[in-house]
Amino acid sequence: MGSGVLVADLVEGGTKFALGVSMVLRRKAFDEAGGFEDLGQFPAEDYVIGNRLAAKGKGVLISPHVIRLMVPDTSYAVSFKNQLRWMQSTRRSRPMGHLGTGLTFSVPFGLMGLLWGVLAGHPVAGALWLLGSCFNRWLQAGVMLGALGERRWFWLTLIYPLRDFLGGLLWGFSYLPAEVYYHGGRFSIGPDGRYKEIVKNVS
C-alpha cells in the first residue's frame, strides 16, 4: 500500500483519495461527500470520500501519525476473500491506478525471471534475479517498518517477500469476474463501484 500511495501522489500531483480504517473530517465535509446513506453502498467508501472532496477543492492529506490496528484472527480463506474484495473495489474505483499497482510488486517479476532463467538455460541468472527482487522487498519493508516504529520489524521484513507475492496474486485475481464476500453475505460490485447484494445475510 505504501508504494501505491507514493506513486499515486507523484503521478496525480497530490492525494485525491482517502485511505481508511481511520479518517478524520468535519461533519459538513462528510455530508458533502454523500453521508451514510450514499457512502454505505460503496465497498471503497474511504476512496469515494476523499475523491469527492478533492473534486470539490477540499484538501486531502495523508496523516504522518501512525495508528496501530488489531487485525481480527480469521481463517486464511476469510482473510483472502476480504483482501480480494478490497482489490476488486480498488480496481473499480481507480482503474488506471489499480492497473499501475501491478508494477509495484517485485516478487512476481522475480519468479518470472527465475522461470526465464531455467527455460533459457541460465538458472543461476534467474535465481539471482529472484534474489534481487526479494532483496528489494526486504529493503523497502525494513525502511518503512523501522520508520513506523514497528517492534517486530525484523520478522515482518523477513516474511515480506511472501506478502508481496500474495499481493501480486490478489491483484491478478481482481481482474477475474467474481462475487465478493462481506460480513457473511455475497455481493457483486457494479461498474459504478456500488455493491449489489446476491445473497442476503440471514444472521
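The paragraphs below follow helix α9 and the helices that surround it in a predicted model. Residues are numbered from 1 along each chain as its sequence is written, and side-chain values use heavy atoms, with hydrogens and water left out. Because the model is predicted, local features need pLDDT of at least 70 and side-chain atom pairs count only at pLDDT 80 or more, whereas totals for chains, interfaces and linings use all residues.

Helix α9 (a DSSP run of H or I of at least four residues, numbered from the N terminus) covers residues 153–173. Its 21 residues should span 30 Å at 1.5 Å a residue (taken times one less than the number of residues), which agrees with the 29 Å between its end C-alpha atoms. A kink of about 45 degrees (the angle between axes fitted to the seven residues ending there and the seven starting there) lies at Y160, shortly before the proline P161.

The buried residues of α9 (under 20% relative accessible area with a 1.4 Å probe, protein chains only) are T157, P161, D164, L166, G167, G168 and L170, and they pack against α5 (76–93), α7 (107–119) and α8 (123–147).

With α7, the axes (lines fitted to C-alpha atoms over the stretch in contact) come within 8 Å and cross at roughly 90 degrees, which makes α7 roughly perpendicular to α9 (65 to 115 degrees). V107, P108 and L111 of α7 meet P161, D164, F165 and G168 of α9 in this contact (heavy atoms within 4.5 Å).

In α5, 18 residues should span 26 Å, and the end C-alpha atoms are 26 Å apart, which agrees; F80, L84 and M87 are among its buried residues.

Key. Helix = DSSP H or I, 4+ residues; strand = E, 2+ residues; numbered from the N terminus. Buried < 20%, exposed > 50% of the residue type's maximum accessible area, 1.4 Å probe, protein only. Axes fitted to C-alpha atoms, helices over the stretch in contact; angles between N-to-C directions. Parallel < 35°, antiparallel > 145°, perpendicular 65-115°, else oblique.
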